[in-house]
Amino acid sequence: MEDLEYFLAAYITVWIVIFAYVLRISLSQRNLRREIDTLREEIKERQRD
Amino acid sequence: MKSSFWVKVSAILWKDVLTEFRTRDTFTSVLVFSILVIVIFNFTFVPGSQMFETVAPGVLWVTFTFAGVLSLNRSFARDKEKGCLDGLVLCPADRVALYLGKMLSCLAFMLVVEAIVLPVFAVLFDLPLYLPKLAVIAVVATIGFAAVGTVFSALVVHTRARELLLPLLFFPIIIPVIIAAVKASELALSAASWSEMTSWLTIIAAFDVIFTVAAALVFDYVLEE
Amino acid sequence: MQGRLIDYSLIGVCFTLMIAAISLISVYVPTEEQMGVVQRIFYFHVPLAWVAFLAFFVVFIMSLLYIWKGDEKWDFRAYASAEIGVVFTTMVLITGPIWAKSAWGTWWTWDMRLTTTLVLWFIYVAYLMVRSFASDEERGARFAAVVGIIGFIDVPVVALAIVLSRTQHPSPIVFEGGLASSMLLTLLVSVAAFTVFYVLLLRLRASTRQMTSEIMKLRQELEI
C-alpha cells in the first residue's frame, strides 16, 4: 500500500497548491476592487467641492 | 549605406576597447576571478586521480560561464555610470548597429580573458598547451554567450539588484551552449577527431545564429526611448 | 456584463469537467498492472505539464503582441500566463519525482522532459523577477516581453541539446505498448478540465493586473 501513499501525497499537494493560488488571486481581487471603489468615491467628492 | 553601418559598429566597438584598455580594471578582476575559480575547483578533487579528465571540461566551462557573466555585468553598467548610455541611445545609429557593436565588444573581452585562462587551465590540469580544438569550441560558444548576454546586460542596468538578476536570466538561456560545449570539450580532450565533434559544434553554431538574429530584433526594446 | 457571463459559464464547465476527471481518475480507470495505484498520478501530471507548456506559449505570443501593438492589455495577459505557468510547472516538478520514486525507484533522472521542464521553470521565474525588479511598470513590461520571447525560442534548443547528450542512457518507459482506451479517455477529460481551468485563471489574473493599473491611474488623478 506504499503505492497509495505516493499517489495521495502527489494528489493532495496538487490540490493544496491550486487552492492556495486561487485563494490568493481572489483575495487580492477583492482588496483591489475595494480600493478602486474608495478611490472613485474620493474623486467624486473632490469634484463636488 | 552599408559602409556607414559597419563604421558605426566599429566605432562602438572601438570606444569599448579604448575605455577598457585605459583602465583595465574590469579585465584584471575578471581574469583573477577566473583563475581563482579553477584553483578552488582543484581543491575539490583528489589530485592526479582518474576523475581529473572527466571533470576538466566541466571546470573549464563553469569558469568561462562565471567569467562571462561578470564581464557582461560590467559592459552596460560602466556605460550607465559614466553617462555614456544616454549618448549611445541618442546617437543616430541603427539599433542593430548598436547591438552588434556592444555584442562584439563583449565577445572580444571574453575571448581575451579566455585566451589567457585556457593556458593556465592546461597547466593546472596537466594538459598539453596546444589545444586548437578547445580554442575553436571556446570561440563558437562565446559567440553564443555574447549574443544573449548583451541583451540581458542592457536589460538589467535599469533594474534593482542587477548583479543578481543577470545570472538568473543568463544561465538558463545558455544551458544548451554549456551542454554542447562540455560534451565537445570532453571529446576534444580525449583526442577525438573533428568529425566526432561536428554535431555539438553545429548545435552551438545554430544557437549563435538564432540568438544573434533574435537579440538584434528585440534589442530596441531593452533600450530607453 | 458579457465578461461576467463568460466567467460564470467557464466556472460551470470547469467544475463539471473537474468532477468528471476526478471520478474517472479515482473510480473508473483500471489500475495499471506494473506500476499500480501510483500510475494514476499520470492523469493529472500530464495535464499539468500540458497546461504549463501552453501557458508559456501564450506568454510568447502575448509578448510579441505587446511589443508589436504596445497595448498594455497584452502585457497583462503575458504576465498572468507566466505566473500560472510557473505555478503549474512547480506542481509538475513536485508530482513528477513522487511518481518517479515509486515507479522507477529514483526521484530524478536527467532525461529530456524532466530537464527541459526544470529549465523552463528557471526561465520563467527569472521572467517574473525581471518584472518585480524593474524600476517602473512600463519598463518591466517591455523587459519581460523580451525575456518571454528569448526564453521561449530557447526551449527547443535546450530539448535538442539534452536529447543528444543523453543518448547513452535508457529513457524511462512510461508505458509498454499504447494506452488502453479507458486510460486515454480519462487523460483527455483531465486535459480538458485543466485547460479550461487555465483559461479561467488567465482571465482572473489578467483582470487583477488590469485593476492594479487602474488603481495607479486613479491615484495619479487624485494627486493632480
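Between which chains are the most contacts found among the two pairs of chains that touch? Of those two pairs, chains A and C share the most contacts, where a contact means heavy atoms within 4.5 Å. Chain A and chain B, by comparison, are joined by no contact, and their closest C-alpha atoms lie 24 Å apart. The model is a predicted one, in which local features need pLDDT of at least 70 and side-chain atom pairs count only at pLDDT 80 or more, while totals for chains, interfaces and linings use all residues. Residues are numbered from 1 along each chain as its sequence is written, chains are lettered from A and ligands numbered from 1 in the order in which they are written, and side-chain values use heavy atoms, with hydrogens and water left out.

Chain A contains one helix and zero strands; helices (H or I, at least four residues) and strands (E, at least two) are DSSP runs, numbered from the N terminus. Taken along the principal axes, the C-alpha atoms of chain A fill a box of roughly 70 × 5 × 5 Å. Of the 49 residues in chain A, 29% are buried, a class defined by a relative accessible area under 20%, with exposed meaning over 50% and partly exposed the range in between (1.4 Å probe, protein chains only).

A residue of chain C that touches chain A is V37(C), which lies in the loop between α1 (2-28) and α2 (42-69) of chain C. Its relative accessibility is 18%, and V37(C) therefore counts as buried. When residues up to four places away in sequence are not counted, V37(C) touches D3(A), L4(A), F7(A) and T31(C). The C-alpha atom of V37(C) is separated by 33 Å from that of I123(C), the two residues being 86 residues apart along the chain.

Two packed helices are described by the angle between their axes and the distance between the axes. In chain C, the axes of helix α3 (residues 72-103) and helix α4 (residues 112-133) come within 9 Å and cross at roughly 140°; axes here are lines fitted to C-alpha atoms, for helices over the stretch in contact, and angles run from 0 to 180 degrees between N-to-C directions. The helices α3(C) and α4(C) are therefore oblique to each other, given that angles under 35 degrees count as roughly parallel, over 145 as roughly antiparallel, 65 to 115 as roughly perpendicular and the rest as oblique. Residues of α3(C) that meet α4(C) include Y79(C), V86(C) and L93(C), and their counterparts in α4(C) include W121(C), Y124(C) and L128(C). By class, this contact of α3(C) with α4(C) has twelve nonpolar, three polar and three charged residues, where Ala, Val, Leu, Ile, Met, Phe, Trp, Tyr, Cys and Pro count as nonpolar, Asp, Glu, Lys and Arg as charged, and the others, Gly among them, as polar.

In chain B, α6(B) and helix α8 (residues 194-218) pack at an angle of about 20°, with their axes 8 Å apart. That angle makes α6(B) roughly parallel to α8(B). Among the residues that meet are V136(B), V140(B) and G144(B) in α6(B), and L201(B), I204(B) and F211(B) in α8(B). The contact of α6(B) with α8(B) has, by class, 17 nonpolar, two polar and two charged residues.

Two residues within helices have side chains with a polar atom placed by a backbone oxygen. T186(C) is found in helix α6 (residues 181-223) of chain C and, at 0% relative accessibility, counts as buried. The backbone oxygen of S182(C) lies 2.8 Å from a polar atom of the T186(C) side chain. Leaving aside neighbours within four places in sequence, T186(C) is in contact with L24(C), I25(C), Y28(C), V29(C) and Y43(C). In chain B, S71(B) lies in helix α3 (residues 51-81) and counts as buried at 7% relative accessibility. A polar atom of the S71(B) side chain lies 3.0 Å from the backbone oxygen of G68(B), and, with neighbours within four places in sequence left aside, S71(B) is in contact with V30(B), F109(B) and M110(B).Backbone angles in the loops of chain B complete the description. D126(B), in the loop between α5 (95-124) and α6 (132-156) of chain B, has a positive phi of about 55° although it is not a glycine, and at 71% relative accessibility D126(B) counts as exposed. A161(B), which lies in the loop between α6 and α7 (162-189) of chain B, has a phi near 50°, a positive value in a residue other than glycine; at 34% relative accessibility, A161(B) counts as partly exposed.

Terms used. A polar contact is a pair of N or O atoms within 3.5 Å; within protein, one must be able to donate a hydrogen and the other to accept it, and residues adjacent in sequence count only if both atoms are side-chain atoms.
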